[in-house]
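Biologist: Got a minute to go through this one with me? I'd like to talk about the strands and then a helix pair.

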Amino acid sequence: MGPAGPARPSGLREGTSDGPVDRVRDGLRAYRMITAMWIRSTLAYRASFVMTALGNLTATALDFAAILLMFSQVDVLGGYRLPEVAFLYGAAACAFGIADLAIGSMDRLGRRVRDGTLDTLLVRPAPVLAQVAADQFALRRLGRVVQGLLVLGYAVTAVDVDWTPLKVLLVPVMLVSGAGIFMAVFVVGAAFQFVAQDASEVQNAFTYGGNTLLQYPPSVFGKDLVRGATFLVPIAFVNWLPGLYVLGRPYPLGLPSWAAFTPPLVAVACCALAGLAWRAGLRSYRSTGS
Amino acid sequence: MEHTETAADVVDADFIALDGVEKIFDVRRKTGFLRRERHQVRAVDGITFRVPRGEMVGYIGPNGAGKSTTIKMLTGILTPSGGRLRVAGVDPARERTRLARRIGVVFGQRTTLWWDLPLIDSYRLMHRMYRIPDRRYAENLDRCVQLLDLGELLDVPVRQLSLGQRMRGDIAAALLHDPEVLYLDEPTIGLDVVSKAKVRAFLRDLNAESGTTVLLTTHDLTDIEQLCKRVMVIDHGRLMYDGPLAGLHEVGESERTLVVDLERELPPLEVESARVVKVDGPRQWLAFPAAASAAPLLAAIAARYPLVDLSVREPDIEAVIAKMYADRGTS
């Protein structure tokens with residue numbers, strides 16, 4: 001350890017983090033480093049990783065088997081045929097899977113607040129959000145994304161759609177925006193845990209529950225639920241709105257057709273709101289402790 | 001961020017500077033089914049002190065006195081409710097991440113290391129996260145590994161380390177980036193005597209050789225005795241004492257306790273410079289001034305009485321502080 005005298009230039013100049021752009025860059029850098037460490041340590045036990053990833057894939061595959069089982073008894077569900085339901089299912093599963101893979105560990109925040117380990121993140125020179133998001137990064141969650149992609153792949157080939165370039169483009173846009181919307185829900189849920197430390201189940205209701213909701217066509221649910229999912233917690237923009245446009249189906253609430261192209265905007269708005277919620281949560285933690 | 005020389009000098013003298021710092025918590029308590037009562041707790045109630053660069057200071061007080069709250073404000077974890085606080089000229093609450101590169105923190109009760117990963121993984125991550133130049137990192141790691149005896153522990157997942165090992169691992173982690181100031185919150189809590197001695201020796205060398213400013217909270221007066229010339233006592237959020245440890249003993253007239261086991265039950269022992277405070281069968285408790293050495297007392301007892309076993313108990317902080325109150329009340 002060198003002399004800590006005043007003559008030694010401090011680490012102040014390099015990596016100062018002032019503006020929001022710098023903070024995002026710093027956050028992404030920290031996120032990359034921490035996830036890389038977790039991935040390295042996961043891959044150190046390759047066999048074990050392959051097993052858990054396969055297990056994860058099987059478990060999520062069973063989830064879709066339930067829908068297949070349903071269609072062995074009926075031909076249509078809420079007016080939708082199997083490939084169409086598979087399309088919605090695959091899109092939701094992919095979007096949710098990406099979000100869950102990226103920042104799914106955030107629901108542990110409440111525990112960190114309770115046991116005080118959040119403090120150890122606050123004394124490191126990296127944004128707390130990035131540290132919390134990357135913590136316990138679990139590559140095995142890739143299983144859900146793979147399963148979603150498989151179902152979506154089947155749906156795209158089986159569904160009876162007149163594929164225009166716009167519809168083709170809308171599919172990847174839907175997945176990316178959907179992942180963004182789900183990530184925002186994860187972050188808002190975590191921010192809420194600053195105030196209510198055992199709210200991780202509430203968060204799960206919106207994330208996992210929201211995912212399950214979106215796997216079925218909106219026509220099977222009551223109008224109020226659809227309204228809530230559209231305007232209150234806008235997860236309908238993950239796959240319902242863009243998905244129904246691709247499938248050529250009307251949206252139950254009679255929204256204009258251009259609404260199908262708003263998911264990127266909704267995702268950006270959600271992420272911005274989530275960022276604010278996170279900042280408010282962290283500020284309240286820092287002024288009250290736990 | 002170039003400082004002029006005079007500004008740097010000022011920062012050096014007032015390296016850590018608190019002026020009337022307060023931390024008030026709103027505590028809500030359930031008093032009925034839906035009724036909640038709110039009341040305020042002044043965890044830190046107007047504290048003022050200075051720590052110059054390179055000093056090693058003990059910060060002591062009973063549980064809930066406000067020690068940890070102070071450390072959390074110094075590190076920027078908590079925002080003060082009032083007063084002014086600067087570390088190296090920087091407001092920690094406002095520039096937490098920026099200051100983080102210049103400080104090291106060790107929480108005795110919880111680790112800053114990644115629990116499920118080998119120790120070395122945590123260090124490698126610190127290396128990159130703190131942007132430590134490669135050579136410095138290698139030198140610092142080597143030195144910590146050598147002095148803190150970490151060689152065989154580097155590949156062990158943190159959760160498998162014993163408390164003492166983990167604490168040494170945590171101290172190394174806090175020092176890899178050459179912090180200008182090191183905060184230690186109960187660094188020896190729960191450690192065995194050997195681990196305590198190792199940690200203390202390491203901290204003493206660190207302060208002497210690198211000039212790192214150290215602020216440590218502890219329950220163990222021996223930590224302070226062996227490490228710090230200056231001690232600050234906090235209770236109920238207020239600074240009760242700030243000065244040399246010797247002065248604290250005078251203020252508190254604290255006493256150590258010698259516990260002796262005799263071969264058989266005897267009437268209270270009669271020795272100079274100590275008085276028997278309790279007798280329980282063949283075991284007797286003798287109080288003697290904390291500043292005095294136990295050796296002559298032991299020699300005197302061993303020469304005259306059939307001694308089987310013995311132990312010395314340090315005065316605990318609660319007792320010292322209780323005495324401080326008592327003295328203040330009478331004078």
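**The sheet in chain B**

Modeller: Sure. In chain B there's an open sheet of six strands, in the order S5-S6-S7-S3-S8-S9, and the pairing is mixed. Keep in mind that this is a predicted model.

Biologist: Why do S5 and S9 of chain B each have one side left without a neighbour in the sheet?

Modeller: Strand S5 (103-107) and strand S9 (238-244) of chain B stand at the edges with a single partner strand each, so one side of each has no neighbour in the sheet.

Biologist: And what does the twist average from one strand to the next?

Modeller: 15°.

Biologist: OK, how many bridges join S3 to S8 in chain B?

Modeller: Four, between residues 56-60 of S3(B) and residues 230-235 of S8(B), and the two strands run parallel. Take Tyr59(B): its bridge partner in S8(B) is Met232(B).

Biologist: Which strands does helix H2 of chain B lie across?

Modeller: H2(B), residues 67-74, lies across S3, S6 (181-185), S7 (213-218) and S8 of chain B. Relative to S6(B), H2(B) runs at about 150°.

Biologist: Switching to chain A. At what angle do H8 and H12 of chain A pack?

Modeller: About 15°, with the axes of H8(A) (residues 165-195) and H12(A) (residues 263-288) 8 Å apart. Angles under 35 degrees count as roughly parallel, so H8(A) is roughly parallel to H12(A).

Biologist: Left-handed or right-handed crossing?

Modeller: Left-handed, as H8(A) passes H12(A).

Biologist: How do the residues of that H8(A)–H12(A) contact divide?

Modeller: 23 nonpolar, five polar and no charged.

Terms used: Residues are numbered from 1 along each chain as its sequence is written. Chains are lettered from A and ligands numbered from 1 in the order in which they are written. This is a predicted model: local features need pLDDT of at least 70, side-chain atom pairs count only at pLDDT 80 or more; totals for chains, interfaces and linings use all residues. Two strands pair if DSSP finds at least two bridges between them. Axes are lines fitted to C-alpha atoms, for helices over the stretch in contact, and angles run from 0 to 180 degrees between N-to-C directions. Two residues are in contact if their C-beta atoms, placed from the backbone, lie within 7 Å. Angles under 35 degrees count as roughly parallel, over 145 as roughly antiparallel, 65 to 115 as roughly perpendicular and the rest as oblique. A crossing is left-handed if the near helix is turned anticlockwise from the far one by less than a right angle, and right-handed if clockwise. Ala, Val, Leu, Ile, Met, Phe, Trp, Tyr, Cys and Pro count as nonpolar, Asp, Glu, Lys and Arg as charged, and the others, Gly among them, as polar.
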